[in-house]
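Student: Please walk me through one strand and its surroundings in close detail, as you would for a colleague at the bench. I would like to see how the neighbours, the burial and the side-chain pairs fit together.

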Amino acid sequence: MCYAFGLKKKEFEKKFKLQDFDDDIFGEYFGFDHPFTPILTNERPAIIELAQWGLVPPNKAADPKAFWKNANTLNARIEKAKETSSYMDFIGNRCLILATEFYEKKKRI
């Protein structure tokens, strides 16, 4: 799974005609940092919103930072989501993550 992704302004502006976006949304993101990521939702498809990357099950929502230190719910397969308690409540809750590239981050030596 690619946890690193970027949103480049030139490529973004060519493909999307959206309202209310700030230049601060452009750049690189890394999923394990749980960044606030630009998304589109069904409720407001022309407005860019920010949502925190990652999934915190409802029973762990009181302290998401503590949960993320010990668990990894960043990599879900839809085929198995119905069988996994961490994902069951989120199957119908989806969004479009705005990205112009996804890539594997490599360690530099």
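Tutor: Let's begin with a term that we will need all the way through: a residue is called buried when its relative accessible area is under 20%, exposed when the value is over 50%, and partly exposed in between. Please keep in mind that this is a predicted model.

First, some orientation. The protein chain has three helices and six strands, and along the sequence they follow the pattern β-α-β-β-β-α-α-β-β. Of its 109 residues, 28% count as buried. The accessible surface of the chain comes to about 8400 Å², and carbon and sulfur atoms hold 50% of that. Among contacts with a separation of 6 or more, 54% are between residues 24 or more positions apart.

The part I suggest for a close look is β1. This strand belongs to an open sheet of three strands in the order β2-β1-β6, with antiparallel pairing. The edges are taken by β2 and β6, each of which has a single partner strand, so one side of each is left without a neighbour in the sheet. On average, neighbouring strands here are turned by 20° against each other, direction ignored. Strands of a sheet pair through backbone hydrogen bonds. On one flank, four bridges join β1 to β2; on the other, three bridges join β1 to β6.

Now go residue by residue. Toward β2, Phe5 stands opposite Tyr29, and Leu7 stands opposite Gly27. Toward β6, Gly6 stands opposite Glu101. What about the directions of the side chains? In a regular strand they alternate between the two faces of the sheet. Here Ala4 and Gly6 point one way from β1, while Phe5 and Leu7 point the other way, and all of them are buried.

Phe5 deserves a pause. This residue sits in strand β1 and has a relative accessible area of 0%, so the cut-off of under 20% makes it buried. Leaving aside residues up to four places away in sequence, Phe5 touches a list of partners that includes Gly27, Glu28 and Tyr29, along with Thr37, Trp53, Ile97 and Leu98. Glu101, Phe102 and Tyr103 are also among the residues it touches. One of these, Phe102, is 97 residues from Phe5 in sequence, yet the two C-alpha atoms are 4.2 Å apart in space.

Just past the end of the strand comes a charged side chain. Lys8 forms a salt bridge with Glu101, at 3.5 Å from N to O. Glu101 lies in strand β6 (residues 101–103) and Lys8 in the loop between β1 (4–7) and α1 (9–15), so this pair ties together parts that are 93 residues apart in sequence. How accessible are the two partners? Glu101 has a relative accessible area of 26%, and Lys8 has 39%. Both values fall between the 20% and 50% cut-offs, so both residues count as partly exposed. Glu101 therefore appears in three parts of our picture: opposite Gly6, in contact with Phe5, and in the salt bridge with Lys8.

Move one step along to Lys9, and there is a salt bridge to Asp23, at 2.9 Å from N to O. This pair links distant parts of the chain, 14 residues apart, with Lys9 in helix α1 and Asp23 in the loop between α1 and β2 (27–30). Lys9 is partly exposed at 33% relative accessibility, and so is Asp23 at 44%.

The whole structure contains three salt bridges, and the remaining one takes us away from β1. Glu49 and Arg44 join their side chains at 3.5 Å, N to O. Glu49 is partly exposed at 24%, and Arg44 is also partly exposed, at 44%. The backbone nitrogen of Arg44 also lies 3.4 Å from a polar atom of the Thr41 side chain. Thr41 is found in the loop between β3 (36–40) and β4 (49–52), and its relative accessible area of 14% makes it buried.

To put β1 together again: its residues Ala4, Phe5, Gly6 and Leu7 are buried, the strand pairs antiparallel with β2 and with β6, and Lys8 in the loop that follows meets Glu101 of β6 in a salt bridge.

Conventions. Residues are numbered from 1 along each chain as its sequence is written. This is a predicted model: local features need pLDDT of at least 70, side-chain atom pairs count only at pLDDT 80 or more; totals for chains, interfaces and linings use all residues. Side-chain values use heavy atoms; hydrogens and water are left out. A salt bridge is a side-chain nitrogen of Lys or Arg within 4 Å of a carboxyl oxygen of Asp or Glu. Helices (H or I, at least four residues) and strands (E, at least two) are DSSP runs, numbered from the N terminus. Buried means under 20% relative accessible area, exposed over 50%, partly exposed in between (1.4 Å probe, protein chains only). Contact means heavy atoms within 4.5 Å. Accessible areas come from the Shrake-Rupley method with a 1.4 Å probe; for residues, only the protein chains shown count as cover. A polar contact is a pair of N or O atoms within 3.5 Å; within protein, one must be able to donate a hydrogen and the other to accept it, and residues adjacent in sequence count only if both atoms are side-chain atoms. Two strands pair if DSSP finds at least two bridges between them. Axes are lines fitted to C-alpha atoms, for helices over the stretch in contact, and angles run from 0 to 180 degrees between N-to-C directions.
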